[in-house]
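Student: I am new to this structure and would be grateful for a close look at a single part of it. Please connect that part to its surroundings.

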Amino acid sequence: MRVFSDNRPHMVNWFWRKKPAESEKPVEQPTAPPVTAEPVLSDIPFIPPTPAPAAPEAAAPSLPPEPATLAEAAGNDDPDYAHAAPAASAGKIGWRERLKGSSFAKSLGGLFSRNPKLDESLLEEIETALLTADVGIKATTTLVEDLRTRMNRREFADATALLAALREDLIAMLRPVAKPLQIDRNARPFVIVTIGVNGVGKTTTIGKLARRFSQDGHQIMLAAGDTFRAAAVAQLQAWGERNGVHVVAQGQDADAAAVAFDAYSSAKARGSSILIADTAGRLHTQGGLMDELGKIVRVLGKHGAGIPHEVLMVIDGTTGQNAISQLRAFNAKVPVTGLVVTKLDGTAKGGVVFALAREFGIPIRYAGIGERPEDLRIFDPKAFVDALLPESLGQ
Ligand SMILES: Nc1nc2c(ncn2[C@@H]2O[C@H](COP(=O)(O)OP(=O)(O)O)[C@@H](O)[C@H]2O)c(=O)[nH]1
Ligand SMILES: [Mg+2]
């Protein structure tokens, strides 16, 4: 994974340049016309001008005719980008391909492929494996206690039967949060605000969503609400120009709430069906910046009840249990209506998804399983659990 701000002096200290504005009133100024930004920055995904039709989620595996990497698609010739992983296959095979390296898959998979005996020590090993994979104490206790009760009742003939029960329990734990985002076509524009700490994948996810929604026939507008960095605004603008997606921006240091407010007016005037607002990353411990999120949401609400329609918090799947405190703090400032868990490919332990589901019950809308535009999947508990703990294990 590449960190983009390491060698870019203009990004240094960006976080501290601007304090959240005191005023609640959005600045009623005309939206700045899009500028032609130099395509020097490409840490946002690129949508090909004529995107291929979406591969059905359950289709047979086939590599879509996409450029090899996001950055390649965006015309970036930095050799570092050459290492980006290829797209995951469509359907369940894609999930499995991408998640098999997680410690969840490795430790539990390893445990059951050793043909364990059905006894208390198996339960202890499962408990350790779940805790190590970031499932968290509460969710782990719930799962192991259920298995223990049923084992004592002699419900399982052997370890394979217990594994099947564990898989069912894991899927059942995720089922209540598997509520895909429904775009209300009457909302026009349906407003999504993305929030989350720095570097979790907000902007990348916006690009992936814009691609997905465009393929579904929506007219998208984006609001460059990460106003802490001039680069962040320029990135979104440059990307929007290349992909025919209108981006509302007011430049660096503009009031993010005002950008979002004006973007709504523009989206309404243009008849856009979806408006997605980017926001600057912030730590959940930064009081002033967290307050600003509340302001963005309140100001958008002046356009009508129920706006924004979705507050989508992006969570880095590699964060571990810290994801819980992040979500708790963000949710206390602005009610989070949906989650995207990113970076489940690679080094993610995977288990945090269960901890989030158990602790909050907030719908998990999408899972990020790679850096490419098509690597955003509608969250599917069965595909996810199958990827971590295949049905074929122990048979
Ligand atoms: N492996 C992987 N990387 C991702 C995923 N989503 C985002 N990233 C990477 O995470 C980094 C930060 O993403 P960015 O969208 O700039 O984060 P933001 O600061 O929240 O806007 C970039 O290098 C992205 O390519 C994902 O699902 N998997
Ligand atoms: Mg960003």
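Tutor: The account below concerns one helix, with its setting described before and after it.

This is a predicted model, in which local features need pLDDT of at least 70 and side-chain atom pairs count only at pLDDT 80 or more, while totals for chains, interfaces and linings use all residues. Residues are numbered from 1 along each chain as its sequence is written, and chains are lettered from A and ligands numbered from 1 in the order in which they are written.

The chain holds 13 helices and eight strands; these are DSSP runs, numbered from the N terminus, with helices being H or I of at least four residues and strands E of at least two. Of its 395 residues, 49% count as buried. A residue is buried if 20 or more other C-beta atoms, placed from the backbone, lie within 10 Å of its own, exposed if 12 or fewer, and partly exposed in between.

The helix chosen is α8, residues 230–243. Its 14 residues should span 20 Å at 1.5 Å a residue, and the end C-alpha atoms are 20 Å apart, which agrees; the expected span is 1.5 Å times one less than the number of residues. Helix α8 is mostly covered, with 11 of its 14 residues buried. Among them are Trp239, Leu236, Val233 and Asn243. The buried residues of α8 pack against α7 (202–215), β2 (220–223) and β3 (246–248), where a contact means that two C-beta atoms, placed from the backbone, lie within 7 Å. After α8 comes Gly244, with a positive phi near 65 degrees.

Two of these neighbours lead further into the structure. From β2, four bridges lead to β4, and the two strands run parallel; strands pair if DSSP finds at least two bridges between them. Met221 stands opposite Leu275 in β4. Strand β4 (residues 274–277) also pairs with β1 (residues 190–195), in the parallel sense and over four bridges. In β4, Ile274 and Ile276 point one way, Leu275 and Ala277 point the other way, and all are buried.

The other neighbour, α7, contributes three residues to the shell around ligand 1, the largest share. That shell has 22 residues, and Lys202 and Thr203 are among the closest; a residue is near the ligand if its C-beta atom, placed from the backbone, lies within 6 Å of it.
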